[in-house]
Number of protein chains: 2
Amino acid sequence: MKKIINDVDAIVDEMIEGIVKSHPTILKRLPNTTVITRVDAPVQGKVGLVSGGGSGHEPAHAGYVGKGMLDAAVIGEVFTSPTPDQILEAIKAANGGAGVLLIIKNYTGDVLNFEMAKELAELEGIEVAEVIVNDDVAVEDSTFTTGRRGIAGTVFVHKIAGALAENGVSLTEIKETCDNVIANIRSMGVALSSCTVPAAKKPSFQLEESEIEIGIGIHGEPGIERVAIQQADDIVTTLISKIQEDLDFTNSEIAVMINGLGATPEMELYIVSKKVHEWAKSHNIHIIQSWVGEYMTSLEMAGFSITFFKLNNEWKDLLKQDVATLKFHV
Amino acid sequence: MKKIINDVDAIVDEMIEGIVKSHPTILKRLPNTTVITRVDAPVQGKVGLVSGGGSGHEPAHAGYVGKGMLDAAVIGEVFTSPTPDQILEAIKAANGGAGVLLIIKNYTGDVLNFEMAKELAELEGIEVAEVIVNDDVAVEDSTFTTGRRGIAGTVFVHKIAGALAENGVSLTEIKETCDNVIANIRSMGVALSSCTVPAAKKPSFQLEESEIEIGIGIHGEPGIERVAIQQADDIVTTLISKIQEDLDFTNSEIAVMINGLGATPEMELYIVSKKVHEWAKSHNIHIIQSWVGEYMTSLEMAGFSITFFKLNNEWKDLLKQDVATLKFHV
């Protein structure tokens, strides 16, 4: 295992320092925490938005902190939920008096810790609501999850919530819209290789030289099946067919995210995107906007996920609204 | 070798189709070529900017096409220079009547083919100038290069040239500024693993399990030495010391790029960035702006490069000027 690190116990701390030193006009660290916020947080009168989870998924979530998206990202150890006390600090830092929305990916540890922090914040008089993202259609229940996992589609929830919050919409309304948005997002991924959690010092799983895993989770949780490597177009068809089976996108306008898991060259992501666009066209699905790149990674895992987001006119506009984050651009 | 491709002979064509299908409001393909241009190219009265080279370095260079940067990117086979006829098409497509600047990375094939295309364009009455980027301090002469190689620092040249062109500056002046910019940019990289050119079907080189190569080229050309993996801070110190030895950045204001070569997690790039910022501070070097991410990759190579760009007040402003490309943001 070769990693560009110093002390394995300090990687999250050093990463956070690196992020805020690199981008001091956009981000700051809440002292003595693993929380990164907008430099101008809390924004008075605006609903605060907090997301986060284990690290190792960068640019999620600090890359989505900034005007028009999140107010704070709370960062756990690699693939490990942040603790309730850290989440509480993020809530307090994001609270501008109009309440705080927690955007949680559906993993048991995350849900537990974010909900505990929510209760603690409410005891301190902060109004807190939550939404739970579960966009991954691959499997029902998984290693760390009851129900479906939350993966790359989460970034679209950040964007819609962020635009609404910036426009002065109330906590109750943002929560309601986000629940509706989540119901219209579906994702699925595939892995060509494992990643190695630094502290574990060995790969999370093993794939044979010619094997891929369909439906992989972003922590390497098992997917649906392991099959021989196929042509890109066939892999794409497998993933989208499962997505489309779960929610019919026919005759809809959609946004698409082709998300690299860490080690997949952009060249391959665009070969995937070509097929996604052709498939959508032949199924009378209208892609309004596409994001192709690394948005929700699994350290250096090779592979990708596809996300479809069924849009209405309001969401189309909100997706295009200005944003000032490091890693999401319109 | 697992790759997400269909036909190994069609990967460049399919990638280009994927790029323009994904981003039709920013980019278009010049029919029957491997050239991607701004949707509104040529922009009348503006100096046209053309860059490019072999593919496999994405997001370079199509990711830097758009208002405020390049007018056209011409794309060769993987790690192979585009042919003069394709470069000529790019020049013609970028020519808005004020001449065209070629931004060439210093590889023998690229220089030869771009200069041949320049001559062909001049025969057709188009005014063409060129600049050659050679920012890599690792080695003098290399597998595909006489003199130093051009690597990630090229992206800063695109940005400065793009801002000047957008501001109506003349071809002669842009060329002169870019030559001066290039003289103030230094880069160096390190690899932890090789990449595999799809058509070759095997890794370009082999590194032992605990070995890294200091000074690697973006096509896997040999660097300075192979050493045992070290702490991140020590690797960074090695790279920056060599950069600083070559051009003294003390008491300067600089822009920094920490560039992932393909498979390196963003977490590790930020650990690198932390050290770069600390080192710069302790050497009285003032980092004005930082870019951390994948800007000039080598397929799925693991590793990174560091670029320092010594700024003057004009360049500081030009770096911050608005830009509308896929992969470079200010």
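**Exercise 1. Find the residue of chain B that comes closest to the rotation axis, then work out how the two copies are related.**

*Solution.* Start at B:Ala263: of the residues of chain B, B:Ala263 comes closest to the rotation axis, with its C-alpha at 2.0 Å. Keep in mind that this is a predicted model.

Next, superpose the copies. A turn of 180 degrees and a shift of 0.0 Å along the axis lay chain B on chain A, with an RMSD of 0.0 Å. The two copies are thus related as by a two-fold rotation axis.

Finally, check the interface. In chain A you find 100% of the interface residues of chain B again as interface residues, so the copies meet through the same surface.

**Exercise 2. Work out the strand order of the open sheet in chain B and say which strands stand at its edges.**

*Solution.* Step one is the order: the 6 strands of this open sheet in chain B run 1-2-4-3-5-6, and the pairing is mixed. Step two is the edges. Strand 1 (27-29) and strand 6 (128-133) of chain B each have a single partner strand, so one side of each is left without a neighbour in the sheet. From one strand to the next, the twist averages 25 degrees.

Now zoom in on one edge. Strand 1 of chain B pairs with strand 2 (residues 35-38) of chain B in the antiparallel sense, over 3 bridges. Look for B:Leu27 there: its bridge partner in strand 2 of chain B is B:Arg38.

Last, add a helix. Helix 4 (residues 154-166) of chain B lies across strand 2, strand 3 (48-55), strand 5 (100-105) and strand 6 of chain B. Helix 4 of chain B runs at about 170 degrees to strand 5 of chain B.

**Exercise 3. Describe how helix 2 and helix 3 of chain B cross, and what the contact is made of.**

*Solution.* Take the axes: those of helix 2 (residues 84-94) and helix 3 (residues 108-123) of chain B come within 8 Å and cross at roughly 55 degrees. The two helices of chain B are therefore oblique to each other. Their crossing is right-handed.

Then pick out the side that each helix brings. Helix 2 of chain B contributes B:Pro84, B:Ile87, B:Leu88 and B:Ile91. Helix 3 of chain B answers with residues including B:Phe114, B:Met116 and B:Leu120. Sorted by character, the contact residues of helix 2 and helix 3 of chain B come out as 9 nonpolar, 1 polar and 1 charged.

Terms used:
Residues numbered from 1 in each chain as written. Chains lettered and ligands numbered in written order. Predicted model: local features only at pLDDT ≥ 70, side-chain atom pairs only at ≥ 80, totals over all residues. Heavy atoms only, no water. Axes fitted to C-alpha atoms, helices over the stretch in contact; angles between N-to-C directions. Helix = DSSP H or I, 4+ residues; strand = E, 2+ residues; numbered from the N terminus. Parallel < 35°, antiparallel > 145°, perpendicular 65-115°, else oblique. Left-handed = near helix turned anticlockwise from the far one by under 90°. Contact = heavy atoms within 4.5 Å. Nonpolar A, V, L, I, M, F, W, Y, C, P; charged D, E, K, R; others polar. Pairing = 2+ DSSP bridges. Least-squares fit on C-alpha atoms with pLDDT ≥ 70 in both.
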